[in-house]
Amino acid sequence: MTSLDRPARILVIGEINVDFVFKGCHAAPTLGKEVLADDFVMTPGSSAMICAMGLARLGNPVTFHGKLGTDASGKFCLHALRDAGIDVTSLQPDSVLRTGVTASLSTTQDRALVTFPGAMAELRADEIEDSWLEKADHLHVSSYYLQRGLRPGCRQLFARAAEAGLTTSLDPGFDPEQRWENDLLDTLNEVDIFLPNEEELLAITGCSAIKEALTVVQNGRTQTIVKRGRRGCTSLREDQWINVPAYAVDAIDSTGAGDSFDAGFLHAWLREMSWMDCMRWGSACGSLSTRGIGGTTRQATVDEALALLAVEP
């Protein structure tokens, strides 16, 4: 953990893709049928990008590394990261690769995602240079299961980061193959903060209840916060169950809300706030991000988060 006299320098490693968000689908899409949507937006996507942009929006110095192509989607993402004030010095667009794309289809009940991984599957852990770690205080990785090239070396990457004095965090994301292999549990032995949502945590642990699942991932090092959407978030810390409700906002779209939660939680945790306050910051930033379509259009500023935090959820 860095000292409090300056913000922690955060290195985000992860996937890059564009989100095509269809908001207010009149029904869940089914094969052979067409449904209408009330709105659409093209926006920066991916768990890693949304978290990085949320952290930058809160005033944190962020460096980002991932894989992208020289195509229109890659240029769009690169410009979005730069416009957010994120250091993208290490990003080298590759003409051989195609930048990933996700279609987010949301109804009033839930959302579905369709992703073309493209370049995001090509990133490898051994490409992460020691010099990048030396310039950072914290390492965050997103979408463990989507990043097929990064996954085999992810545990060693976290170990390298710890050896360099960094704290670490991991958002596992969804496993599109739904195999939920237990190599992630091994990787967690090198991780400080684990940020799954409820469905992911239950699938990873093979449990049917959150309390049991949170007990399973206790390894003496990793601290886990499970994101529960409208039900807020839950954590087991020092044998105490902690629950923080979600904040009520005029929600439009939940795309990327969990990644904005990550940003809010890490923003507070890296400033050594209390555990409860870190969870509240996560909940507030996740809730505020739902005010716009897509994961990055209405992410919280510090002032917006503080105003919501002043209200009991």
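**Figure 1. Aspartate 277 and arginine 280 on helix H9 of the predicted model.** Aspartate 277 counts as partly exposed, because its relative accessibility is 30%. Arginine 280 forms a salt bridge with aspartate 277, and the closest N and O atoms are 3.8 Å apart. Arginine 280 has a relative accessibility of 18% and therefore counts as buried; the cut-off for burial is under 20%. Both residues lie in helix H9, three residues apart, about one turn of the helix. An α-helix has 3.6 residues a turn, so residues three or four places apart point the same way.

**Figure 2. A salt bridge between helices H3 and H4.** The side chains of arginine 160 and aspartate 130 meet at 2.7 Å, N to O. This pair links distant parts of the chain, the two residues being 30 apart. Arginine 160 belongs to helix H4 (residues 154-163), aspartate 130 to helix H3 (residues 130-134). Arginine 160 is buried, because its relative accessible area is 19% and burial means under 20%. Aspartate 130 is partly exposed, at 47% relative accessible area. A search of the whole structure finds 18 salt bridges.

**Figure 3. A network of salt bridges around arginine 179 and glutamate 181.** Five residues are linked here: Arg151, Glu177, Arg179, Glu181 and Asp183. Within the network, the side chains of glutamate 181 and arginine 179 meet in a salt bridge of 2.7 Å, N to O. Arginine 179 counts as exposed, because its relative accessibility is 53% and the exposed class begins over 50%. Glutamate 181 is partly exposed, with a relative accessible area of 32%.

**Figure 4. The open sheet E3-E2-E5-E6.** Four strands make up this sheet, and their pairing is mixed. Strand E3 (39-45) and strand E6 (111-116) are the edge strands, each pairing on one side only. From one strand to the next, the twist averages 20°. Strands of a sheet pair through backbone hydrogen bonds, either parallel or antiparallel. E2 and E3 pair in the antiparallel sense, over seven bridges. Phenylalanine 20 stands opposite methionine 42 in E3.

**Figure 5. A nonpolar surface patch of Phe22, Phe40 and Met42.** Together these residues have about 250 Å² of accessible area. Phenylalanine 22 is found in strand E2 (residues 17-23). Its relative accessible area is 31%, so phenylalanine 22 is partly exposed. Patches are made of residues with over 30% relative accessible area and no salt bridge, which means that 31% is enough on the first count.

**Figure 6. Helix H1, largely enclosed.** Of the 11 residues of helix H1 (residues 47-57), 10 are buried, so the helix is largely enclosed by the rest of the structure. The buried set consists of Ser47, Ala48, Met49, Ile50, Cys51, Ala52, Met53, Gly54, Leu55 and Ala56. Just after H1, glycine 59 takes a positive phi of about 95°.

**Figure 7. Strand E7 between its partners E1 and E8.** Five of the five residues of strand E7 (residues 138-142) are buried, so the strand is largely enclosed by the rest of the structure. In a regular strand the side chains alternate between the two faces of the sheet. His138, His140 and Ser142 point one way from E7, while Leu139 and Val141 point the other way. Strand E1 (residues 10-13) runs parallel to E7, joined by four bridges. Leucine 11 stands opposite leucine 139 in E7. Strand E8 (residues 167-171) also runs parallel to E7, joined by five bridges. Serine 142 stands opposite aspartate 171 in E8.

**Figure 8. Threonine 296 and the annotated domain.** Threonine 296 lies in the loop between helix H9 (275-288) and helix H10 (302-309). Its relative accessibility is 15%, so threonine 296 counts as buried. Leucine 214 is 82 residues away in sequence from threonine 296 and 29 Å away in space, C-alpha to C-alpha. An unreviewed UniProt entry places the feature "domain: Carbohydrate kinase PfkB" at residues 9-297. The end C-alpha atoms of residues 9-297 lie 23 Å apart. This span is 29% helix and 21% strand.

Definitions and conventions:
Residues numbered from 1 in each chain as written. Predicted model: local features only at pLDDT ≥ 70, side-chain atom pairs only at ≥ 80, totals over all residues. Heavy atoms only, no water. Patch = residues over 30% accessible without salt bridge, like charges linked within 9 Å, V, L, I, M, F, W, Y side chains within 5 Å. Areas by Shrake-Rupley, 256 points an atom, 1.4 Å probe, with all protein chains shown as cover. Salt bridge = Lys/Arg side-chain N within 4 Å of Asp/Glu carboxyl O. Buried < 20%, exposed > 50% of the residue type's maximum accessible area, 1.4 Å probe, protein only. UniProt positions renumbered as here; feature names shortened; annotations may be inferred. Pairing = 2+ DSSP bridges. Axes fitted to C-alpha atoms, helices over the stretch in contact; angles between N-to-C directions.
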